[in-house]
Amino acid sequence: MMHGQTAPDQLFSLLPSLDEVLRRPELLALADQYPRPMLAGVTRAELARARTEIVQGIHTVETLQVLVDNLGESVTRATKEALCGTLVPVLNATGVILHTNLGRAPLSEEALRAILDVARGYSNLEFNLETGTRGRRDQHVEPLLLRVLSWLTGQPVEVVGKSWSVAVVNNCAAATFLALNSLAEGAEVLVSRGELVEIGGGFRVPDILRKAGVILREVGTTNRTRVADYAEAITGNTRMILRVHQSNFKMEGFTEKPALSELIDLGKRADLMVFEDQGTGLLISLDSIGVKEGSSLLDSFRQTPDLIAASGDKLLGGPQCGLLLGRRDLLDRVRANPLYRALRVDKLTYAALGATILSYALHQEESIPTVRMLRIPADDLRRRCEALQGEIDANLLEVSIAPVKSVIGGGTTPDAALNSFALSLRHRLKTPSGLLAALRLQTPPVIARVQDDCVLLDLRTVPPEQDRLLSGAIRNAAQEDRE
Ligand SMILES: *Cc1c(COP(=O)(O)O)cnc(C)c1O
């Protein structure tokens, strides 16, 4: 043993018993809030940690005495930490509007109210109020969505209502999987080699096809695929042509792919279903914000493939879900698949999705946060940056304003960049990654990015009513003890 250390036995004797700790006033005060076994478990763990530290030779009588004196406090803290929720709101200052790691689309107030109304009590989720008999849950979305699509595309609502049907499942990956499995199990599905993509979070088109029990027939090459390639690949066992929107990457240069309309013509001639995995769910035009490319649910719907799959929480701006739109007879077969039951969504999703679609129907799509964020003019963001710059005023921080590009994200429009402005922070003592980490430790945590040795906070994805919260968090993060 080293000189000056106290024998472990002597230190162990300083540790109080479990019961003594539980009788400390701090813990007695917690007794009505937390069950005793919980408090005892946390206390036991704290005492065990102290014993390990003694064995490791970390403690002197003095340091151990401090630890023992603070046990009431440390057990209280550990109990509260163990029992707090881990899923918390954050401020997204990345400028990525559909950030999959940050929960994609924030919901509109209307969608939130609809969730509250339905969640609080019972609802007519699967109950027909006219007849008093069992109803279909898709009825809460199908007529409304088809009406909106018919208005937005100018197609007669009676025709749309008769020929199309809609199913809602857990996400777009589930919609694609369910459609393939319901309609083409055991048969061949044609997919261009340029569309055998991975969309993120492990969604790989070839894997989904295999798991759905269909036979993937690759056609064309990575960069060029023609209608003739599809036509030549057709056999007696071919059932479907699948078109997958490339989502999160873009091919440039010597590339070619047939228009969806050409595939639809071929499908009609060869009696094959044409299924487009559209992805974004976009129901507005992005022309006015200067975004030209990209796939839109409206364009896809206009061309009338047999089936379309889209996400609810990308550019549609609703809750996480997958929409499967298609020919009524095909959707009947999809709904007859036992997997539909396994992939269906709950009443909260119908409530939020219905309210979101209603905002489009009422031409109030600006109430949907994603739509609003897409349309914010850069000048508004510059003015907010200036106001915040004046407010932050922390002596360790240099705050400037930088022009940046926001991106849409979420695997939607890989190239689209929206002009935006960011607060650019440099700390006199902290490194940029140190400051980034300090921002993440705030309540609410602030998520930003580093570029050219500065921490950038893009205001496009921060709701204006949270600017004060953001400036407070920045000031706090700048002050906290240096690393
Ligand atoms: C995003 C996307 C998916 C996956 O959608 P989830 O709703 O996340 O399951 C599938 N296909 C395309 C084309 C996409 O863009």
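Which residue meets the side chain of Arg 383 in a salt bridge, and at what N to O distance? In this predicted model, the partner is Asp 380, and the separation from N to O is 2.9 Å. The two residues sit 3 positions apart in helix H19, which covers residues 378–392, and this spacing amounts to about one helical turn. Arg 383 has a relative accessibility of 48% and therefore counts as partly exposed, since exposed begins over 50%. Asp 380, at 32% relative accessibility, is likewise placed in the partly exposed class.

## Salt bridges

Side chains of opposite charge can pair when their charged atoms come close. Across the whole structure, a search finds 28 salt bridges, and three of the pairs are set out below.

| Pair | N to O distance | Relative accessibility |
|---|---|---|
| Asp 329 and Arg 327 | 2.7 Å | Asp 329 39%, Arg 327 33% |
| Arg 383 and Asp 380 | 2.9 Å | Arg 383 48%, Asp 380 32% |
| Arg 468 and Glu 391 | 3.4 Å | Arg 468 62%, Glu 391 29% |

The bridge of Arg 468 with Glu 391, whose closest N and O atoms are 3.4 Å apart, links distant parts of the chain, for Arg 468 belongs to helix H21 (residues 467–479) and Glu 391 to helix H19, with their positions 77 residues apart. Arg 468 counts as exposed at 62% relative accessibility, whereas Glu 391, at 29%, counts as partly exposed. In the pair formed by Asp 329 and Arg 327, Asp 329 is partly exposed at 39%, and Arg 327 is partly exposed at 33%. Beyond such pairs, salt bridges also join Arg 136, Asp 138, Glu 142, Arg 328 and Arg 335 into a network.

## Helix H19 and its buried side

Helix H19 also allows a check on its geometry: its 15 residues, taken at 1.5 Å a residue, should span 21 Å, and the C-alpha atoms at its ends are 21 Å apart, which agrees with that expectation. Which residues of H19 are buried? They are Leu 381, Arg 384, Cys 385, Leu 388 and Ile 392. Because these residues cover an arc of only 105° around the axis, they lie on the same side of H19. The buried residues of H19 pack against strands S12 and S13 and against helix H21, so that H21 is connected with H19 both through this packing and through the salt bridge of Arg 468 with Glu 391. Just after H19, Asp 393 adopts a positive phi of about 40°.

## The five-stranded sheet

An open sheet is formed by 5 strands in the order S2-S12-S13-S16-S15, and its pairing is mixed. Strand S2 (96–98) and strand S15 (449–451) stand at the edges with a single partner strand each, so one side of each is left without a neighbour in the sheet. From one strand to the next, the twist averages 40°. S2 runs parallel to strand S12 (residues 397–409) and is joined to S12 by 2 bridges; Leu 98 has Gly 409 of S12 as its bridge partner.

Two helices lie across strands of this sheet. Helix H20 (residues 432–440) lies across S12, strand S13 (417–427), S15 and strand S16 (454–458), and runs at about 40° to S16. Helix H21 lies across S12, S13 and S16, and runs at about 35° to S13.

## Strand S11 and helix H15

Strand S11 (residues 322–327) is largely enclosed by the rest of the structure, because 5 of its 6 residues are buried. Strand S5 (residues 164–169) pairs with S11 in the antiparallel sense over 6 bridges, and Val 169 has Gly 322 of S11 as its bridge partner. Strand S10 (residues 307–311) also runs antiparallel to S11, joined to S11 by 5 bridges, with Leu 307 standing opposite Gly 326 in S11.

In helix H15 (residues 328–336), the residues Leu 330, Leu 331, Val 334 and Arg 335 are buried. The arc that they cover around the axis is only 140°, which puts them on the same side of H15. Arg 335, buried in H15, is also one of the members of the salt-bridge network described above.

Notes:
Residues are numbered from 1 along each chain as its sequence is written. This is a predicted model: local features need pLDDT of at least 70, side-chain atom pairs count only at pLDDT 80 or more; totals for chains, interfaces and linings use all residues. Side-chain values use heavy atoms; hydrogens and water are left out. A salt bridge is a side-chain nitrogen of Lys or Arg within 4 Å of a carboxyl oxygen of Asp or Glu. Buried means under 20% relative accessible area, exposed over 50%, partly exposed in between (1.4 Å probe, protein chains only). Helices (H or I, at least four residues) and strands (E, at least two) are DSSP runs, numbered from the N terminus. The arc is that of the directions from the helix axis to the C-beta atoms. Two strands pair if DSSP finds at least two bridges between them. Axes are lines fitted to C-alpha atoms, for helices over the stretch in contact, and angles run from 0 to 180 degrees between N-to-C directions. Contact means heavy atoms within 4.5 Å. The expected span of a helix is 1.5 Å times one less than its number of residues.
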